[in-house]
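Open the model in your viewer and get ready to click around. We'll go stop by stop, with something to select at each one.

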Amino acid sequence: MDVESKSGRSFVRARAALVAGSLGLLLAVGGCGASGDSSDGAKADVKSAPREGFTDEGGAAASAAPEEQADGKAAGKKAAPKPGGTHVIRTATLSVEVKSVPKAVAAARGAAEGAGGLVASENTERLDDTHETSHLVLRVPQERFQEVLRELAGSGKLLSRTSNAKDVTDQVVDVESRISTQRASVARVRQLMDRAEEISDVVALEGELSSRQSDLESLLAQQASLKDRTSLATITLDLTPSDAPGDDGSKEEDPGFLDALGGGWDAFVTMLRWIAVAFGAAFPFLLTAALAVVGWRVLRKRKAGRRAAPAVTAAPAGKDGASAS
């Protein structure tokens with residue numbers, strides 16, 4: 001009895017498993033057939049949609065179907081962008097003191113061009129007859145950035161160095177996705193213009209096409225700028241001569257007694273020199289004033305002598321007249 005009951009139970013279990021497997025297989029086959037029918041029906045609807053007119057209700061529904069598909073594709077691209085690596089903008093600033101600025105400029109130009117880059121700008125200023133400074137902006141490929149940077153830093157005495165790296169991968173992916181969406185939008189508007197029959201519809205679509213085309217060109221300009229800055233790193237290099245005027249490289253020492261004495265003597269000599277200069281400048285005026293004073297005194301004495309002579313001659317005449325009377 002026990003053996004028969006056990007064999008009956010195992011038979012029931014096997015039968016139930018077989019029935020469940022058969023039902024699962026039937027459901028899977030039915031689901032595939034339904035999905036195939038639905039996909040065939042969707043394709044038929046998409047193919048038949050452009051046959052409808054532009055101005056009637058069927059045409060409006062047909063034009064909406066491609067837009068939904070394009071928007072769905074764009075959303076899919078935004079949700080799961082294809083991996084394209086990391087996009088980084090690298091910049092660096094160097095200040096180097098060199099023995100010969102022209103030779104250092106030639107070496108920097110050769111390093112940038114040898115790495116596959118270029119000299120974006122160069123500004124050289126002359127300090128005097130023998131000294132000059134130079135300011136260069138170099139663009140080099142990202143993979144040779146560190147190599148060129150080390151070469152430039154070792155061309156002389158490094159005074160300062162700054163480096164910066166900015167990850168713009170998200171921005172690049174976003175711009176690429178927006179460009180794809182904008183291109184699809186422009187294509188849809190052009191398709192609608194080809195099927196338009198009313199002049200008012202054509203005018204409205206032309207304005208919309210111009211606006212979307214302008215947005216697309218702006219996005220393409222942003223993409224080109226990002227591509228240029230991520231493919232070529234920027235290095236700003238300042239070159240100064242080591243023996244520039246006013247830069248002797250020695251520290252100032254505290255002044256002593258001899259320094260103070262020499263400074264006082266220089267000040268005294270400078271004061272006497274200025275006094276001599278002032279006297280020389282005022283001498284013509286002083287001489288003229290002295291001659292004027294002397295002349296005025298001579299004239300005054302002459303006038304006083306003329307007035308005293310008549311008075312002396314008149315006094316004896318009065319005495320004789322008095323005695324005669």
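Which residues does phenylalanine 145 touch, not counting residues up to four places away in sequence? Select phenylalanine 145 and look around: its partners are Arg90, Thr91, Ala92, Val140, Ser163, Ala233, Thr234 and Ile235. Contact here means heavy atoms within 4.5 Å.

Before moving on, some ground rules. This is a predicted model, where local features need pLDDT of at least 70 and side-chain atom pairs count only at pLDDT 80 or more, while totals for chains, interfaces and linings use all residues. Residues are numbered from 1 along each chain as its sequence is written, and side-chain values use heavy atoms, with hydrogens and water left out.

**Zoom out to the whole chain**

Colour by secondary structure and you'll find seven helices and five strands. Helices (H or I, at least four residues) and strands (E, at least two) are DSSP runs, numbered from the N terminus. Following the sequence, the pattern reads α-α-β-α-β-β-α-β-α-α-β-α.

Now show the surface. The chain exposes about 23,300 Å², with carbon and sulfur atoms supplying 58% of that; the area comes from the Shrake-Rupley method with a 1.4 Å probe, and for residues only the protein chains shown count as cover. Of the 325 residues, 20% are buried. Buried means under 20% relative accessible area, exposed means over 50%, and partly exposed is in between (1.4 Å probe, protein chains only).

**Select the five strands**

They make an open sheet in the order S2-S3-S5-S1-S4, with mixed pairing. Two strands count as paired if DSSP finds at least two bridges between them. At the edges sit S2 (118-126) and S4 (157-167), each pairing on one side only. From one strand to the next, the twist averages 10°; axes are lines fitted to C-alpha atoms, for helices over the stretch in contact, and angles run from 0 to 180 degrees between N-to-C directions.

If you turn on backbone hydrogen bonds, remember that strands of a sheet pair through them, either parallel or antiparallel. Here are the pairings to try:

- S1 (residues 88-98) with S4: 10 bridges, antiparallel. Click valine 88 and find its bridge partner in S4, aspartate 167.
- S1 with S5: eight bridges, in the parallel sense. Alanine 92 stands opposite isoleucine 235 in S5.
- S3 with S5: eight bridges, in the antiparallel sense. Histidine 135 stands opposite aspartate 238 in S5.

While S5 is selected, check its cover: seven of its 10 residues are buried.

**Add the helices on the sheet**

Show H3 (residues 101-114). This helix packs on the sheet, touching S1, S2, S3 (132-141) and S5 (232-241), and its direction makes about 5° with that of S3. Then add H6 (residues 199-231), which lies across S1, S3 and S5 and runs at about 55° to S5.

**Look inside**

Where are the nonpolar cores? A nonpolar core is a set of buried Ala, Val, Leu, Ile, Met, Phe, Trp, Tyr and Cys residues joined through side-chain atoms within 4.5 Å. The largest has 21 residues, and those with the most contacts inside it are Leu138, Val140, Phe145, Leu152, Ile235, Leu237 and Leu239. So our starting residue, Phe145, is back in view. S1, H3, S3, H4 (145-153) and S5 each supply at least two residues of this core, and H3 gives the most, with five. Apart from it lies another core, of 14 residues, including Ile179, Val189, Leu192 and Ala196.

**Move to helix H7**

The structure holds two aromatic pairs. Rings of Phe, Tyr and Trp (its six-membered ring) pair if their centres lie within 6.5 Å; planes under 30 degrees apart count as stacked, over 60 as edge-to-face and the rest as tilted.

Select tryptophan 265 and phenylalanine 268. Their ring centres are 5.9 Å apart and their planes make 35°, so the pair is tilted. Both lie in H7 (residues 257-324), three residues apart, about one turn of the helix. Tryptophan 265 is exposed, at 55% relative accessible area, whereas phenylalanine 268 is partly exposed at 39%.

Next, pick phenylalanine 279 and phenylalanine 283, also a tilted pair: 5.9 Å centre to centre, 55° between the planes. They lie in H7 too, four residues apart, about one turn of the helix.

**Last stop: asparagine 123**

This residue is in S2 and is partly exposed, at 42% relative accessibility. Asparagine 123 touches Thr133, Ser134 and His135, not counting residues up to four places away in sequence.
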